[in-house]
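Look through the sequence and the model first. The paragraphs that follow go from strands to helices and then to the cores.

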Amino acid sequence: IKKIVEFIQEIVAEVGKPKFEYVSFEVSEDILEAVKNFAYKNIKESLLSEDKELRENNISLLRNEILKHFSEVYPGMESMISEAIYKLERIIVRELILKEGKRVDGRKFDEIRPMTAEVGILPRVHGSGFFQRGQTQVLTAVTLGALGEVQILDGVALEEEKRYMHHYNFPSYSVGEAKPSRGPGRREIGHGALAEKALEAVIPSENEFPYAIRVVSEVFMSNGSTSQASVCGSTLALMDAGVPIKNPVAGISTGLVRDENNPENFVTLMDIQGIEDFYGDMDFKVAGTKNGITAIQVDIKIDGLTPEIIRQAFEMTKNGRYKIIDEVILKTIPVPRKQISGYAPKIFTTNIDPEKIRDVIGPGGKMIKRIIADTGVKVDIEDDGKVYVATPDAELGASIVRVIEGLGKDIEPGQIYLGKVMRITPFGAFVEFLPGKEGLVHISKLDVKRVSKVEDVVNVGDEILVKVIEIDKQGRINLSRKDALLDKAYKDNDK
C-alpha cells in the first residue's frame with residue numbers, strides 16, 4: 001500500500017488542512033472544591049432517588065441554583081462550573097457504593113429492579129411480548145413470513161441470507177427527548193445485532209419451522225440495559241407467536257465501580273441503571289438460557305478486567321438470568337404456543353423430483369406465476385426439490401401442494417384429479433386438471449348413465465373429478481369423469 005499512502009500524503013500536502021490540536025479540558029481544583037463545599041450535601045440528596053425523572057429534575061434545579069450562586073464569584077466560567085457539578089455527581093455516586101455500600105435507588109448490589117411481563121398485547125401481529133425492568137420498557141413484535149422473504153446479504157462474508165432478523169428501535173421519547181425519527185444509528189444496529197445473536201442459538205431449524213422470522217423491539221422507556229430487555233421481550237414474543245424455540249433466553253447487565261486509588265477494592269452491581277452505567281467503570285451484558293451463555297458484550301472505561309471481576313460478573317448475570325427466566329418469562333408463558341396466529345401464513349411443504357422443477361416453474365416461470373396470481377399463495381422451490389407453500393388459508397394451501405405434486409410427477413393412466421371445465425364441444429368437454437394441462441372428457445365418459453348432450457352434465461367453469469384413462473402417441477390426454485365417479489363410489493363402499 002506504499003503507493004496509496006504516498007498518494008494520500010501528496011494530496012494532504014497540496015490541499016489538506018492542519019490537524020486540529022486537542023486541548024484537554026480540566027476543571028480547576030479551586031472551582032471543584034468551591035462547588036463541593038457549597039453543594040455536596042444537596043447534590044447527594046438529589047441523587048438518592050429510584051425515579052430517574054425526579055432525580056434529573058432535582059439535579060437540573062440544583063445546577064441552576066449553583067450556577068446563579070457562582071455567577072459573580074466566577075464570571076464567564078459557567079461551563080467550568082457545570083463540569084465541576086458533573087464531576088461531583090460522579091464522586092458522590094462512586095463514594096456511596098464504595099464507602100457506604102449504597103446505590104442511588106436503595107437496592108442491594110445483587111438486586112434486580114421490579115419486573116413485569118405480558119404477551120399477546122398486540123392482537124393483530126403474529127406474536128408480541130412486553131418486558132419491563134424498573135424504568136426500562138421494551139415491546140417486541142414478531143412477524144412470520146415465507147422462506148422467500150429471508151433477508152439477502154450482499155457482503156464479503158460467506159453468509160448469503162438471513163432467516164432470523166432482529167431489529168431494535170430507540171426513539172427519542174424513550175429518554176424524554178423530542179427529536180426527529182430517522183433511520184437507525186450505530187447504537188441501534190449494534191443492540192439489534194447483540195439481541196439477534198443472543199436468540200439465534202435457540203431458533204428452530206428450517207426443517208422444524210419453515211418460516212422467515214422478523215423480530216422488532218421498540219424501546220418505550222430507557223433507564224439501563226435496553227438491549228437485554230429486548231432479549232427478554234423477544235423471547236416472550238417468539239413464544240407467543242408459536243415459534244418452538246429450544247429454551248427461553250434472558251439477558252441482564254452487571255456494572256462495576258473500582259476504587260481509583262486502590263484497584264483491589266471494587267464492587268460489582270446487578271442490573272445497572274443509566275446513572276450507574278454513566279458514572280461506573282463497566283457494562284457487562286450477558287444473555288443466555290439456563291443451559292449456557294449465547295451472547296456477551298462488554299463496555300469498560302478502565303485499563304482492563306481482573307479474573308475475579310470477570311468471575312463475579314458471570315456469577316451475578318447467571319443468577320439474574322435464572323431469576324428472570326423462572327420468575328418472569330415462564331410464569332408469563334411457560335411454553336411456546338402450539339398454534340401460530342390465525343393472521344400468520346401457514347406453511348405447507350412437499351418434495352418433488354429435482355428434474356421436474358422446470359415443469360413446475362414452466363417456461364419463463366409461466367406456470368408458477370400463474371399459480372401465484374390465481375391463488376395469492378407464496379411458493380418457494382429449493383434446488384433439492386423441496387417446495388414451500390405459504391398462505392393463511394389451510395385448505396387452499398393443501399390444494400396447491402397437490403397441484404404442485406401433480407406437476408412434479410409424470411401423468412399416468414389411473415391418476416385422479418379435480419379439474420375445471422374450460423371448453424365444451426358437441427363431442428365432449430376439455431378439462432384443465434393441472435395448470436397448463438388439459439385433457440378431453442368424451443361425451444361417453446361424462447357420466448355413468450347415457451348422456452345425450454354435454455351441457456346436461458357440465459358447463460364451463462364447473463369443477464369435476466376426472467381420471468386419466470389414456471395418453472396417446474401424440475401426447476393427448478383422454479380423461480373420464482365416469483371412471484372417476486365409479487372409482488370413488490367403489491372406494492366409498494369399501495370403507
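Which residue in β17 does Val431 stand opposite? The model to search is a predicted one. Val431 stands opposite Gly439. The two strands concerned are β16, residues 428-434, and β17, residues 437-442, and they pair in the antiparallel sense over 6 bridges. Strands of a sheet pair through backbone hydrogen bonds, either parallel or antiparallel.

This pair belongs to a barrel, which 5 strands close in the order β15-β16-β17-β19-β18. The pairing in the barrel is mixed. On average, neighbouring strands of this sheet are turned by 55° against each other, with direction ignored.

A parallel pair can be found elsewhere. Strand β6 (residues 164-169) and strand β7 (residues 212-221) run parallel and are joined by 6 bridges. Here Tyr168 stands opposite Ser217 in β7. Together with helix α5, residues 186-200, the strands β6 and β7 make a β-α-β unit, and this unit is left-handed.

Now turn to two other helices. Helix α1 covers residues 2-15, and at 1.5 Å a residue its 14 residues should span 20 Å. The end C-alpha atoms of α1 are 20 Å apart, so the model agrees with the expected span. How many of the 14 residues of α1 are buried? The number is 0, which means that α1 lies largely in the open.

Helix α4, residues 78-98, has 21 residues. From its first C-alpha to its last, α4 reaches 30 Å, close to the 30 Å expected. Unlike the count for α1, which is 0, the list of buried residues for α4 includes Met80, Ile81, Ala84, Leu88, Ile92 and Ile97. Glu89 and Arg94 are also among the buried residues of α4. The cover over these buried residues includes helices α2 (29-47), α3 (52-70) and α7 (274-279), along with strands β8 (250-258) and β9 (266-270).

In soluble globular proteins, nonpolar side chains tend to be buried together. In this model the largest nonpolar core has 50 residues. Those with the most contacts inside the core are Phe131, Val142, Leu144, Ile213, Leu238, Val243 and Ile324. Helix α6 (residues 226-240) gives the largest share of this core, 7 residues. Another core, of 32 residues, lies apart from it, and Ile352, Ile357, Phe433 and Leu446 are among its members.

Ile324 can serve as an example from the largest core. Leaving aside neighbours within four places in sequence, Ile324 is in contact with residues including Ile112, Met115, Phe131, Cys232 and Ile329.

Notes
Residues are numbered from 1 along each chain as its sequence is written. This is a predicted model: local features need pLDDT of at least 70, side-chain atom pairs count only at pLDDT 80 or more; totals for chains, interfaces and linings use all residues. Side-chain values use heavy atoms; hydrogens and water are left out. A nonpolar core is a set of buried Ala, Val, Leu, Ile, Met, Phe, Trp, Tyr and Cys residues joined through side-chain atoms within 4.5 Å. Buried means under 20% relative accessible area, exposed over 50%, partly exposed in between (1.4 Å probe, protein chains only). Helices (H or I, at least four residues) and strands (E, at least two) are DSSP runs, numbered from the N terminus. Contact means heavy atoms within 4.5 Å. The expected span of a helix is 1.5 Å times one less than its number of residues. Two strands pair if DSSP finds at least two bridges between them. Axes are lines fitted to C-alpha atoms, for helices over the stretch in contact, and angles run from 0 to 180 degrees between N-to-C directions. A crossover is right-handed if, with the strands pointing away from the viewer, the path from the first strand over the helix to the second runs clockwise.
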